[in-house]
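Here's a friendly walk through the side chains of one protein chain. Keep the sequence and the 3D view open as you read.

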Amino acid sequence: SAFLYEKAQSWDKAAAMFIKTKNWTKVGELIDRVTSPKIFSQFAKAKEADGKYREAGRAYEAAKDYDSVIRVNLTYLQNPDEAVRVVRETQSVEGAKMVANFFQKLGDYGAAIQFLVISKCPDEAFALAQTHNQMGQYADIIGDDASEDDYLSIALHFEKRKEHFNAGRFYLKAKQHAKALKLFMRVPPSGETSEGIDMAIETAGAAQNEQLTHQLIDYLMGETDGIPKDAKYLFRLYMALKQYREAARTAIIIAREDQNAGNYRNAHDVLYSMFEELKRNKIRTPTEMEQNLMLLHSYILVKLHVKLGDHRTAARLLIRVANSISKFPSHVVPILTSTVVECQRAGFKNSAFGYAAMLMRPEYRSKIDSKYKKKMEQIVRKPDKSEVEEAETPCPYCGFSVVETKLDCSQCKNTLPYCILTGRHMVKEDWSFCPTCHFPALHSQYLKYAQSTESPVCPMNGEAFTADHVTRVKDPSDYLKEVNQTSED
């Protein structure tokens, strides 16, 4: 009958009859045409008994008996990679246990833990991790899907070993914020960074608990251990708590410290980032922050305009900086020297004389670079009081004529928005916004810069843009109103 079924192409029935007569050769000939899992399973058992393990493994897989596939690959074929593949694809719990036992016998405890977790044996996985100091591996494997009790167990393990940072991480995951904060504050800093403080800030942000916030502020101010921490951490804390006003005040302090130390780009970037954050949250920008950012930005623009050969703009910007030279204590003499040089180049002889005379003061004279000293002395001895008059353009609010680099209008008393490329006040008929930072820029100047520069970047944030993205704004009235509303008196 088996042969009749074969002739009729009833492959499953033919194979079943050949199995009854134990004609495994014929079964093997038909096996590729068989669809019945039962027949595959019987064939696999026969091949396994016959020691033909590869064929047995293939037949077990066709029968969807995945645990047997895993067993054969681990026990006979010594092929853990194939066993692992099957476990990952099928998520077989029993298969995962077999793989875990296999790796445990090899001493590969990390792999054993992984497959114990897959096999839903968390207690065994935890015990193995604890015994063989693989708790970090266990924690990585369970990821963010574990229960708070699981995280608490891990935290206790690390705390007993005095691994404060790791213990704090898992107390945080377990929502034990007070314990997490306490442990993070015990983590010693590493160089200029401190993961412990960063995580303490994250903890305070997650907890939103006034008592814990005050504990952390006391720690950052040095009241806990007598060591005041870098102000940047206090800034990050306020940001995490979404206390943007306090963050802004701290940002001003940080920027001032950087500015006093001569780290002008750092100071600029801190203020710009805070400005963006306040704008995003529709919070008024402190006047001091706006003024400091404008002044730092003016100084940073000088290098760009000197490179572009625009000495008039460079000189005007340096005059603005030099008029607030006390805010640049680390580079008073170099800035005044550059101001004199650029004013000479631009034809602002009287301004050059004024700043050269400042350099002749006893506290500055000895610090002048030797290659400029004679020139400075000559400018002071033989003064040329001629001066190129600065152009005037209309105030964007009231239309009153205001010199280009003046940022307030004597007529309407408004503070005037400035162009991020030239530092001049904005003009209503020549308005655009930078496509990256969205600060205003004089359209004619910004478009010219974008078209004539090989790889133009925003002077404010350093991001690349193209001339195609610079578009004229016909009526900036809404922006001007918004600026007045979001700036402090």
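Which kind of link joins the side chains of Arg71 and Glu48? They meet in a salt bridge, with 2.6 Å from N to O. Before going further, bear in mind that what you're looking at is a predicted model.

## Charged pairs

Let's stay with that first pair for a moment. Arg71 belongs to helix H6 (residues 66-75) and Glu48 to helix H4 (residues 37-49), so the bridge links distant parts of the chain, 23 residues apart. The two partners sit in different surroundings: Arg71 is partly exposed, at a relative accessible area of 26%, while Glu48 counts as buried at 13% relative accessibility.

How many salt bridges are there in total? The count comes to 19. Some of them stay within a single helix. Take Glu277 and Arg280, whose side chains meet in a salt bridge of 2.8 Å, N to O. Both lie in helix H19, 3 residues apart, which is about one turn of the helix. Glu277 counts as buried at 18% relative accessibility, but Arg280 counts as exposed at 57%.

Helix H22 (residues 332-346) has a similar story to tell. There, Arg345 and Glu342 form a salt bridge of 2.7 Å, N to O. Because these two are 3 residues apart in the helix, about one helical turn separates them. Glu342 is buried, with a relative accessible area of just 5%. Elsewhere, salt bridges with shared partners join Glu61, Glu82, Arg85 and Glu89 into one network.

## Rings that pair up

Now for the aromatic side chains, where the count comes to 18 pairs. One of them brings together Tyr272 and Phe439: their ring centres are 6.0 Å apart and their planes meet at 45 degrees, so this pair is tilted. Tyr272 is in helix H19 (residues 264-280), whereas Phe439 is in the loop between strand S3 (431-433) and strand S4 (440-442), so the pair ties together parts that are 167 residues apart in sequence. Are these two buried or exposed? Tyr272 is buried, and Phe439 is too.

Tyr449 and Phe465 make another tilted pair, at 6.3 Å centre to centre and 45 degrees between the planes. This one also links distant parts of the chain, 16 residues apart: Tyr449 is in helix H26 (residues 443-452), and Phe465 is in the loop between H26 and strand S5 (472-473). Tyr449 is buried, with a relative accessible area of 7%, and Phe465 is buried as well, at 6%. If you'd like to see a cluster, go to Phe102, Phe103 and Phe115, which are linked by ring pairs.

## Charges over rings

Some charged side chains meet rings instead. What sits over the ring of Tyr219? It's the charged end of Lys229, 4.1 Å from the ring centre. Arg316 does something along those lines with Phe348, lying over its face at 3.9 Å from the ring centre.

## Inside the core

The largest nonpolar core has 138 residues, and those with the most contacts inside it are Leu216 and Tyr446. What does Leu216 touch, leaving aside neighbours within four places in sequence? Its contacts are Leu181, Met185, Ala200, Ile201, Ala204 and Leu237.

Ile201, one of those contacts, is worth a closer look. It lies in helix H15 (residues 195-207) and counts as buried at 5% relative accessibility. Again leaving aside neighbours within four places, Ile201 is in contact with Leu216, Tyr233, Arg236, Leu237 and Ala240. Ile113, by contrast, is 88 residues away from Ile201 along the chain, and 32 Å separates their C-alpha atoms.

## Cysteines

How many disulfides does the structure hold? The number is 0. Cys343 is in no disulfide, and the nearest cysteine sulfur, belonging to Cys419, is 20 Å away. Cys343 counts as buried, at 0% relative accessibility.

What about Cys409? Its nearest cysteine sulfur is that of Cys412, 3.6 Å away, and Cys409 is in no disulfide either. Why doesn't that distance count? A disulfide needs the two sulfur atoms within 2.5 Å, and the one from Cys412 is 3.6 Å away. Cys409 is also buried, with a relative accessible area of 2%.

Definitions and conventions
Residues are numbered from 1 along each chain as its sequence is written. This is a predicted model: local features need pLDDT of at least 70, side-chain atom pairs count only at pLDDT 80 or more; totals for chains, interfaces and linings use all residues. Side-chain values use heavy atoms; hydrogens and water are left out. A nonpolar core is a set of buried Ala, Val, Leu, Ile, Met, Phe, Trp, Tyr and Cys residues joined through side-chain atoms within 4.5 Å. Buried means under 20% relative accessible area, exposed over 50%, partly exposed in between (1.4 Å probe, protein chains only). Contact means heavy atoms within 4.5 Å. Rings of Phe, Tyr and Trp (its six-membered ring) pair if their centres lie within 6.5 Å; planes under 30 degrees apart count as stacked, over 60 as edge-to-face and the rest as tilted. Helices (H or I, at least four residues) and strands (E, at least two) are DSSP runs, numbered from the N terminus. A charge sits over a ring if NZ of Lys or CZ of Arg is within 6 Å of the ring centre and within 35 degrees of the ring normal. A salt bridge is a side-chain nitrogen of Lys or Arg within 4 Å of a carboxyl oxygen of Asp or Glu.
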